[in-house]
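Student: I'd like a close look at one part of this model: how do its charged side chains pair up, and what are they attached to? Take your time and build it up piece by piece.

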Amino acid sequence: MRQYLDVKARYPDAIVFFRLGDFYEMFYEDAVYVSRALNLTLTTRDKGKEKEDAVPMCGVPYHAVRGYLNKLTELGHRIALCEQLEDPKVARGIVRRDVVRVVTPGVVLDEESLDPRAPSYVAAVAGDRRQGYGLAFLDVTTGHFRATEASTPEALLDELARAEPRELVLARRDRAGDPARDLSRMPADDEGLAAQIRRAYPRLVQTPVAEDSAFDPGELLAQALGAAFDAAELRARAPMAVAAAGRVLRYARATQPGAALPLGQLEVYRRADYLVIDEQARSHLELTESLLERRRTGTLLEVIDETRSAMGGRLLRRWLLFPLVDVARIRRRQDAVERLVNAHAARDSARQQLGDVADLERLVARAQLGVASPRDLVALGRSLARLPALAAALRAASAGEIGSVAPSEAAGAGGTGDSAGAAAGAAVSGVDLGDLGGDLAGELAERLVQTLRADAPAVTREGGFISPGVSAELDELNTIASGGRDTLGVIEARERERTGVGSLKVKYNSVFGYYIEITRAQLAHAQLPAEYQRKQTVANGERFVTPELAEYEAKILSADERRVALELEIFEGLRREVAAQSARLLDLAGRVAAADVLAGLAEVAHRSGYCRPVVDESGVIELADGRHPVVERLAAAGGFVPNDVRLDGDSEQMLIVTGPNMAGKSTLIRQVAQCVVLAQMGSFVPARRARIGVCDRVFTRVGAGDNLARGETTFLVEMRETAHILRYATPRSLVILDEIGRGTSTYDGVSIAWAVAEHLHDRVRAKTLFATHYHELCALADLHPRVRNVSVAAREWKGDIVFLRKLSPGGASRSFGIEVAKLAGLPPAVVERARTILKTLESDAAGQRGAVPRPAAPAATEMPQLGLFAGGGTAPIVTGVAPEVELGRSGPATDPAAAEVVAALRAIDPDELSPRAAWDLLTGLIKKLTPTPKD
Ligand code: ADP
């Protein structure tokens, strides 16, 4: 028990799994808690003792430990695995035990509980409101290590969200006696921050750690990362990032007392190095997770993921969440994708090789951490052996073929000479497998493949993973073991002769080893030699042992034991060899992953008809026949209607997109944002031709996606998100607004939407796509130079609505709400009643125009009077200004033409009109309202 208490004292914040034989045992409060949490039987250690002194205890079998670990980490706990460090059979006194590994929510090595296509980050924050914040992420399963800084808590939360860590380490003010498990009551160094993070991401496990003042993060990093790491420079440039990186490294190291962590170079990035995609945009654009079901299905990631390896899948996800802003870097990726698009055969061959490459990153990391199994190393060897062929395919793609292929339509048509970039650069950029592919990988692959048997098991317990010919001693031991078996055959034959029992058999069981079995029927005639010692009587015979058999058994067993030990020794040597090369291998793995991503993007572009966008600093966003990558995939073949969109800072800064519900407004504005993300990550985009002026941020305020988890009303969330956009957007940003203002009363809603649009137009000057069913907003275009109206057309036909999905200039004038309701299956009686009410409301509104409360307009002269219900059903769809505005301004009483029109409108029964008749009628009405020049 003293040994246990020592261990527990060193790991007070963890649950200690204490190995005793075939079980992991827990004691004291750990046992009480875990037995309750995992539904285990709670016993006591010394059953005889009085109740009060008895030590509570519970245990789990060692071979089933994985499931228990998973459950506990899911609950947010850390588990220290305390193993037996020597064989209890040979140990004198108490068996040596120590913690070999701490499993935490963010530091999980068990492949089966890891998502192969997502990172497994443990993160740390440092700093406070005054100094700014640092944030660092470390993936112990791949060695991937990054850090950044954020000046505000909001920025910090955004960065946290897009890295998607599984666990967050923060400092705790030392307060002795805190119950380790009660995380919610742990004070952090910035109490407000911890609470804020908890509110924003309730699922993220927070682990407060005690901070000691002597700890120097820069020094730790320098020592861990070696010569390439310039601690002083970095500390001057990004002190908070260094603090966070040091904190996370220290934490992760402590979880692996027995091994050095696999570590790639620390990448310290600035937020401005990447297109900023905050939490709202990430979820609204459904980049990696669908909005409603929070799944991968239906996301942009799913649609563009044609990678063949798990590490390619992870890298693609990173590229998607961190698109670039540097035009040169983006073009380099595009060049590589373009080459691979054009080089069909090379692409196919590269992807075929990649399909046979296992997760190099995680395999190398496992080798480094000393947990790789023989099977893992076989997979590593086989994968490395693929690399020369992969490198050859990539070379083929980057050489030769490009000259014969015309520059892509996009590059040519955009007229910026971007195609010149395609010819530059030697290899498929950034993925030159270089000498690593040649010597290191080749040598190591050969060693692994030669040393290990192809059918090596995942466990080392019974050996059987080292090939013959690797070690003379091992081969000899193997001969003894199998030779022993031959000898047994000889013994069997001899004993049959000697005893005259033809059916005598030499058998083996684990209770008394080798024995001779003679059936009951034969026993009577048998001449049993004196040394036969009766051991057991079974239903149809007797079992005997002999000294000779016992001797053989000992020999075989000891040969077997030595064989397993020797195999293990050779294997561990091999694993150390891999570990020693881990930095170079991880680097190589990163390049293979990049090749996979580029080839995958090329495959998507080829299959789905994407084009290479011209990426530049023009500030223009232009999509000719742009499509929504996800909706297009779900639509029937050819069923998706492409649309042209253009935005720029000078004349078309803001598009007000109107149209009935379900017309396709959201789809349109989201597809623009998704294309920007795709273009800036280096991908081709779903369009016939595209030009993307690099954006610094994408903002979205989409739908009424309530944030109930945060316990606030929809409207409040909506306004907070809108405020966030107004505050942080710049002229280089793209803003997507969908139906803002909907969460409140109509008048409030229109007024807010109006004011927000104006602010974005006049002050922020961000490129904005504003989808709304408030057609009143169309009037903005008359008052502001850089606002354009567009609408997604729909036509009414016999009381039903036909969606055309086609964007046309001008605002829509009505919402078709009732038709959509009908489409959705509202009972006919209700639909009819709604029509009647609408008519009454419309005529009331027309009658008392002056009395209709108006949105709080900035100034009466700036904003036309808005008749919310004016106009009714049949105004023309394609006009610059919504006609109801005109109607409203003049009023039926004063303008005879208008009065006539209103009367004509009243007389219409829309259900009776064909589209053609409606069109004729409309043209007639418009004519009435347009003053004809007098001749
Ligand atoms: P809105 O925002 O106008 O209410 P949505 O953008 O949600 O409409 O579109 C409604 C549905 O119409 C989408 O689910 C999609 O299936 C379909 N859709 C939208 N745009 C297109 C298009 N361009 N081509 C084909 N179908 C489309």
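Tutor: Let's start with E652, which forms a salt bridge with R646; their closest N and O atoms are 2.9 Å apart. R646 counts as partly exposed because its relative accessible area is 28%. Elsewhere, E306, R347, R351, E603 and R607 are joined into one network by salt bridges that share partners. Keep in mind that this is a predicted model.

How many salt bridges turn up when the whole structure is searched? The search finds 51, and two of the pairs are worth a slower look.

Take D98 and R10: their side chains meet in a salt bridge at 3.0 Å, N to O. D98 sits in strand β6 (residues 97-103) and R10 in helix α1 (residues 2-10), so this pair ties together parts that are 88 residues apart in sequence. D98 is partly exposed, at 26% relative accessibility, and R10 is partly exposed too, at 46%.

Now for D278 and R697, whose side chains meet in a salt bridge at 3.3 Å, N to O. D278 belongs to the loop between β13 and α9 (279-284), while R697 is in strand β23, so the parts tied together here lie 419 residues apart in sequence. Are these two buried or exposed? D278 is buried, with a relative accessible area of 1%, and R697 is buried as well, at 8%. The cut-off behind that word is under 20%, which is why both values land in the buried class.

That second pair leads us straight into a sheet. β13 and β23 belong to an open sheet of 7 strands with mixed pairing, in the order β13-β23-β24-β25-β21-β26-β27. β13 (276-277) and β27 stand at the edges with a single partner strand each, so one side of each has no neighbour in the sheet.

Further along that order, strand β21 (residues 654-658) pairs with strand β26 (residues 787-797) in the parallel sense, over 5 bridges. If you want one concrete register point, the bridge partner of L655 in β26 is R788. Helix α26 (residues 665-681) lies across β13, β21, β23 (697-701), β24 (734-738), β25 (767-771), β26 and β27. The helix runs at about 160 degrees to β24.

At the β27 end, the charged story gives way to a nonpolar one. L804 is found in strand β27 (residues 800-809). Together with W797 and V802, L804 forms a nonpolar patch on the surface, with about 250 Å² of accessible area for the three together. Why does L804 count as partly exposed? The reason is its relative accessible area of 35%. Patch membership calls for over 30%, so L804 clears that bar.

Last stop, for contrast in pairing sense: strand β2 (residues 23-27) and strand β4 (residues 56-61) pair in the antiparallel sense over 5 bridges. There, F23 has P61 as its bridge partner in β4. Strand β3 (residues 43-44) also pairs with β4 in the antiparallel sense, over 2 bridges, and T44 has P56 as its bridge partner in β4.

How values were computed:
Residues are numbered from 1 along each chain as its sequence is written. This is a predicted model: local features need pLDDT of at least 70, side-chain atom pairs count only at pLDDT 80 or more; totals for chains, interfaces and linings use all residues. Side-chain values use heavy atoms; hydrogens and water are left out. Two strands pair if DSSP finds at least two bridges between them. Helices (H or I, at least four residues) and strands (E, at least two) are DSSP runs, numbered from the N terminus. Patches are made of residues with over 30% relative accessible area and no salt bridge: like charges are joined within 9 Å, nonpolar side chains (Val, Leu, Ile, Met, Phe, Trp, Tyr) within 5 Å. Accessible areas come from the Shrake-Rupley method with a 1.4 Å probe; for residues, only the protein chains shown count as cover. A salt bridge is a side-chain nitrogen of Lys or Arg within 4 Å of a carboxyl oxygen of Asp or Glu. Buried means under 20% relative accessible area, exposed over 50%, partly exposed in between (1.4 Å probe, protein chains only). Contact means heavy atoms within 4.5 Å. Axes are lines fitted to C-alpha atoms, for helices over the stretch in contact, and angles run from 0 to 180 degrees between N-to-C directions.
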